[in-house]
Amino acid sequence: MSAAAEKDPPAFCIDDLIDDPETKIIVCCGSGGVGKTTTAAAVGVRAAERGRDVVVLTVDPARRLAQALGLTELDNTPRLVEGVDGELYAMMLDMKRTFDEIVEAHAEPERAQQILANPFYQSLSSSLSGTQEYMAMEKLGQLHRSGDWDLIVVDTPPSRSALDFLDAPERMGRFLDGRLIKILMAPAKAGGRFGMKVVTVGFGMFTSAITKVLGGQLLKDVQTFVLAFDTMFGGFRERAEQTYRLLQAPGTAFLVVAAPEPDALREASYFVERLAEEQMPLAGLVVNRVHRSDASELSAVRSQAAAETLNDRGTHPLTAALLRLHAERMQVTARETRLCESFTSSHPTVPRATVAAMAEDVHDLEGLRCIAGELAGELKEPAA
């Protein structure tokens, strides 16, 4: 066996994953801009056309998934995708609406209205760091509990770091357990007149100081929100823990998506290691936008040399230009191959699939089917 062959990772085939009835959740994760949304959509189409009842949950604000699936829009409600030979639904996470749904479902009607109308809550539910990732996990839990689909495909948020999705529950927990929240709760939790008096003295000193920083109205809004929201804090933690355990369950599979670029593959490597630490099931690595050539037997060196020969002769300028373009393509291909081999040397057991770079963005079902075909190994890479 050659040294090159020894470096080859196990092949990943999406059909092996989606044809397994035990697979209930597929999570597409990775750093931003690597094609997670397109991969999730392609997996959803493939699974639906192979007999699964599928819902794809995207959190991509660019709304490219709706366009590719032929929908005019996506929102927080699953919508049936036409033109697919099977049951495929798609939806886009509405972070604010999901937060509102949680409040409405887990608070008394009067208290729910009080929370929803609170200015601090309105800001918190749409701008707190980590809220989008946390709400994606909340929505995943809701979809799973509904039992309406036998496969859920999740496109994780376009975060700065791929790890943000897994860290979201812990960050939300730290916020709910933070010192500021506990101080703001103290007056309502103090028992008896004496206890209230002691707390009020200390709280008065605290509020007089923080009011100078935040302003009186904002502090009042925060206090009102915290007191109304108090009874729901435990529910947030409990559901986050349930969803986290769901992500660790055998029926869940993570697809780490990357591009053949140093930063993207480095982030993918971090994610693979984190999944192993958290005992979460990794199905494989998908490397998108890989450059290939049907004339790969013609090396960059030979192509460049031939182009220079034609230039020296002053003949066939178009052929010379094409040879130079081919040389550049082969140099890019060699660089991408080295990057992928570096990843494999660190993670030799991780199955890998590659998807060729396309001339234009995927914008319809046929494009998604083409990508899914590559994930299934139907389109083979040209021989070296």
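How far apart are the closest N and O atoms in the salt bridge that aspartate 75 forms with arginine 79? They sit 2.6 Å apart. Bear in mind that this is a predicted model, so treat each value below as computed from it.

**Salt bridges**

Side chains of opposite charge can pair when their charged atoms come close. The structure holds 18 salt bridges, and three of them are set out here, with the distance between the closest N and O atoms.

| Salt bridge | Closest N and O atoms |
|---|---|
| Arginine 46 with aspartate 15 | 2.8 Å |
| Aspartate 75 with arginine 79 | 2.6 Å |
| Glutamate 101 with arginine 97 | 3.9 Å |

Take the arginine 46 pair to begin with. Arginine 46 belongs to helix α3 and aspartate 15 to helix α2 (residues 14-18), so this salt bridge ties together parts that are 31 residues apart in sequence. Are its two partners buried or exposed? Arginine 46 has a relative accessibility of 12%, so it counts as buried. Aspartate 15 is buried too, because its relative accessible area is 10%, and the cut-off for buried is under 20%.

The aspartate 75 pair reads another way. Aspartate 75 is partly exposed, with a relative accessible area of 26%, and arginine 79 is partly exposed at 30%.

Then there's the pair in helix α5 (residues 95-106): glutamate 101 and arginine 97 are both in that helix, four residues apart, about one turn of the helix. Glutamate 101 comes out at 22% relative accessibility, so it counts as partly exposed. Arginine 97 is partly exposed as well, with a relative accessible area of 31%. This pair doesn't stand alone: salt bridges that share partners join Lys96, Arg97, Asp100, Glu101, Glu104 and Lys139 into one network.

**Empty space**

Rolling a probe the size of a water molecule over the atoms shows where empty space is left. What is the volume of the second largest pocket? About 310 Å³. Its lining counts 16 residues, and those closest to its centre are Thr38, Arg289, Glu360, Asp361 and Val362. Four elements give two or more residues to this lining: α3 (36-49), α4 (64-68), β7 (282-290) and β8 (352-356). Sorted by class, the pocket lining has seven nonpolar, five polar and four charged residues.

As for cavities, the structure has two of 30 Å³ or more. The largest cavity has a volume of about 50 Å³, and the residues lining it are Thr37, Thr38, Ala41, Arg64, Leu65, Ala68, Val362 and Leu368. Here α3 and α4 are the elements that give two or more residues to the lining. By class, the cavity lining divides into five nonpolar, two polar and one charged.

Two names turn up in both places: Thr38 and Val362 are among the residues closest to the centre of the second largest pocket, and both also line the largest cavity.

**Leucines in α15 and α16**

Which residues make the nonpolar surface patch of about 330 Å²? Leu318, Leu322 and Leu325 do. Leucine 322 is placed in helix α16 (residues 317-346).

Leucine 310 is found in helix α15 (residues 300-313). This leucine is buried, because its relative accessible area is 13%. Its C-alpha atom is separated by 6.1 Å from that of alanine 320, which is 10 residues apart from leucine 310 along the chain.

Note on methods. Residues are numbered from 1 along each chain as its sequence is written. This is a predicted model: local features need pLDDT of at least 70, side-chain atom pairs count only at pLDDT 80 or more; totals for chains, interfaces and linings use all residues. Side-chain values use heavy atoms; hydrogens and water are left out. Patches are made of residues with over 30% relative accessible area and no salt bridge: like charges are joined within 9 Å, nonpolar side chains (Val, Leu, Ile, Met, Phe, Trp, Tyr) within 5 Å. Accessible areas come from the Shrake-Rupley method with a 1.4 Å probe; for residues, only the protein chains shown count as cover. A salt bridge is a side-chain nitrogen of Lys or Arg within 4 Å of a carboxyl oxygen of Asp or Glu. On a 1 Å grid over the protein atoms alone, a cavity is a set of points where a 1.4 Å probe fits but cannot get out, and a pocket is an open set with protein on both sides within 12 Å along at least five of seven lines; lining residues have an atom within 4 Å of a point. Grid points are joined across faces, edges and corners, and a volume is the space filled by probe spheres set on the points. Ala, Val, Leu, Ile, Met, Phe, Trp, Tyr, Cys and Pro count as nonpolar, Asp, Glu, Lys and Arg as charged, and the others, Gly among them, as polar. Buried means under 20% relative accessible area, exposed over 50%, partly exposed in between (1.4 Å probe, protein chains only).
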